[in-house]
Amino acid sequence: MSAINTVAPPKQATEKKSVYIETFGCQMNKSDSEHMLGLLDDIGYSQIDDKNDADLMILNTCAIRENAEDKVFSYLGAWKKIKDRRPGTMIAVGGCVAQDEGTSLQRRVPYVDIVFGTHNLHRLPDLVLKARATKESVCEVFQELPEDLPEIPVIRQSAISAWVSIIYGCDYNCTYCIVPFVRGREKSREMDVIAKEIEGLGLGGYKEVTLLGQNVTAYGHDLDPKVHLGHLIERIGKIDQIKRIRFLTGHPRDLNPEIIDAVKNTESACEYFHLPIQSGDNRTLRRMARGYTVDFYKRCIDQIRTKMPNAAISTDIIVGFPGETEQEFMNSINLIEELQFDAANTAAYSPRPHTPAADWEGQLSQEEKFERLRFMNSVVTDVAHKINKRYIGRREQILVEGRSDRHPERFMGRTGTNKIVNFEGQESMIGQLVDVEITTANPWALRGKLPE
Ligand code: SAH
Ligand code: SF4
Ligand code: F3S
């Protein structure tokens, strides 16, 4: 694992300690974990891969569905046993479950030393030092991000591809979603600050950046002067060393034509759009409060494909929303076939606290939801396989990320359209853009070979 510190304020302290971190949830959480590691490095904690040897174990949690939350408590149960064996080991819980539950989490798992939220990452070193000194559990959760966003040090897990948050929070109120509650209102980082960070990444050898937010397509509307994601993409496109720009996740309603044009006209911007639709049915979309119709979404896709015929498009879809009829579910299935998504994250609806839909009548049984989910997954897989097979015989440029997890003799990279390609290559190719010929395809990945 490579560890690269891109911001290195003076070290404050102290004796050497070790930290193990486990991260659930979305890329935002993964990025937050990298920042936690950066912050803890300042007080002498270095990352290790074996939790059994760690002085501090951190669980960065996700609250998006009930099973994500359940996982938190089963992990903490197992971690308590480690703590019992190694007294003095500390446990910290952060992320969206901690933000949501705060002191009630602290009461439920009293052996946890630190509970901290998504809005006060920068306070983690102080909280750790306080819990260490007092030997009492501490809980601190802020309701909002600080007015002036602190620049937080970071230890990135990749030396090739970096996550860069550009906007925090979400101003939508989809009736199923806990995110606005645990991540707060939208707050964009200043364009100059982001550009400076990415220039630093370029100089540090990074080739790819992924601009992150729950709603990246809303980037900049709260800045003065207002800007949009297209402006930011164009600006980052001028940083020579950064060969690829990606962004995640966009809301279809905010995807203006200028953003699509900026992707088309910026050489380093990847022709890949992740645009969650959530349902292929208008009544369900309305009840979800998504703020668009199926036709509106189709026009977005149409605009992208007219301008960039080879663009890849992926989505998120929920099955079994309260009151979803069989016909409404089939409307989602038909839309997947009609729009030919490259990939789709599918999920069975899960009732969440603080969300209106959790209290609605017409909740579907687990069996019904999972039956719909299985069927949808098979359709998504078939469509993805068909699309991937079209790559066979093509020459594609990939950014080589490392060795393949499952076949360490192979290497793994991604196309601009986010297709994973496994191929036999050389160590020296890691971090390079390499041309490969695609030889075979399955629904999830491609195989390639170096051109003769
Ligand atoms: N901001 C993004 C999505 C963020 S949450 C958007 O607007 O689409 C990531 C995904 O989790 C969502 O796209 C949705 O498909 C899923 N999700 C959110 N709440 C859920 C719930 N209560 N049950 C099941 N899936 C949910
Ligand atoms: Fe959740 Fe909707 Fe916001 Fe996405 S746009 S994070 S689904 S509330
Ligand atoms: Fe989960 Fe929080 Fe992300 S709820 S999906 S980790 S914003």
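1. The residues that surround ligand 3 are Gly25, Cys26, Asn29, Cys62, Ala63, Ile64, Cys96, Arg183 and Gln214. Sorted by class, this shell contains 5 nonpolar, 3 polar and 1 charged residues. The reader should note that the model is predicted.

2. The next point concerns aromatic rings. Across the whole structure, 11 aromatic pairs are found. One of them joins Tyr292 and Phe296, whose rings are stacked, with 6.4 Å centre to centre and 25° between the planes. The angle counts as stacked because planes under 30 degrees apart are classed in that way.

3. How do the two partners of this pair stand with respect to accessibility: buried or partly exposed? Tyr292 is buried, as its relative accessible area is 7%. Phe296 has a relative accessibility of 27% and therefore counts as partly exposed.

4. Tyr176, Phe321, Tyr349 and Trp360 are linked by ring pairs into a cluster.

5. Charged side chains also lie over ring faces. Lys71 is placed over the face of Phe24, at 4.2 Å from the ring centre. Arg108 is placed over the face of Phe73, at 3.5 Å from the ring centre.

6. An open sheet is built from 3 strands in the order β14-β15-β16, with parallel pairing. The edges are formed by β14 (272–274) and β16 (343–348); each has a single partner strand, so one side of each lacks a neighbour in the sheet. From one strand to the next, the twist averages 10°.

7. Within this sheet, β15 (residues 312–319) pairs with β16 in the parallel sense over 6 bridges. Val319 has Ala348 in β16 as its bridge partner.

Terms used:
Residues are numbered from 1 along each chain as its sequence is written. Chains are lettered from A and ligands numbered from 1 in the order in which they are written. This is a predicted model: local features need pLDDT of at least 70, side-chain atom pairs count only at pLDDT 80 or more; totals for chains, interfaces and linings use all residues. Side-chain values use heavy atoms; hydrogens and water are left out. A residue is near a molecule or strand if one of its heavy atoms lies within 4 Å of it. Ala, Val, Leu, Ile, Met, Phe, Trp, Tyr, Cys and Pro count as nonpolar, Asp, Glu, Lys and Arg as charged, and the others, Gly among them, as polar. Rings of Phe, Tyr and Trp (its six-membered ring) pair if their centres lie within 6.5 Å; planes under 30 degrees apart count as stacked, over 60 as edge-to-face and the rest as tilted. Buried means under 20% relative accessible area, exposed over 50%, partly exposed in between (1.4 Å probe, protein chains only). A charge sits over a ring if NZ of Lys or CZ of Arg is within 6 Å of the ring centre and within 35 degrees of the ring normal. Two strands pair if DSSP finds at least two bridges between them. Helices (H or I, at least four residues) and strands (E, at least two) are DSSP runs, numbered from the N terminus. Axes are lines fitted to C-alpha atoms, for helices over the stretch in contact, and angles run from 0 to 180 degrees between N-to-C directions.
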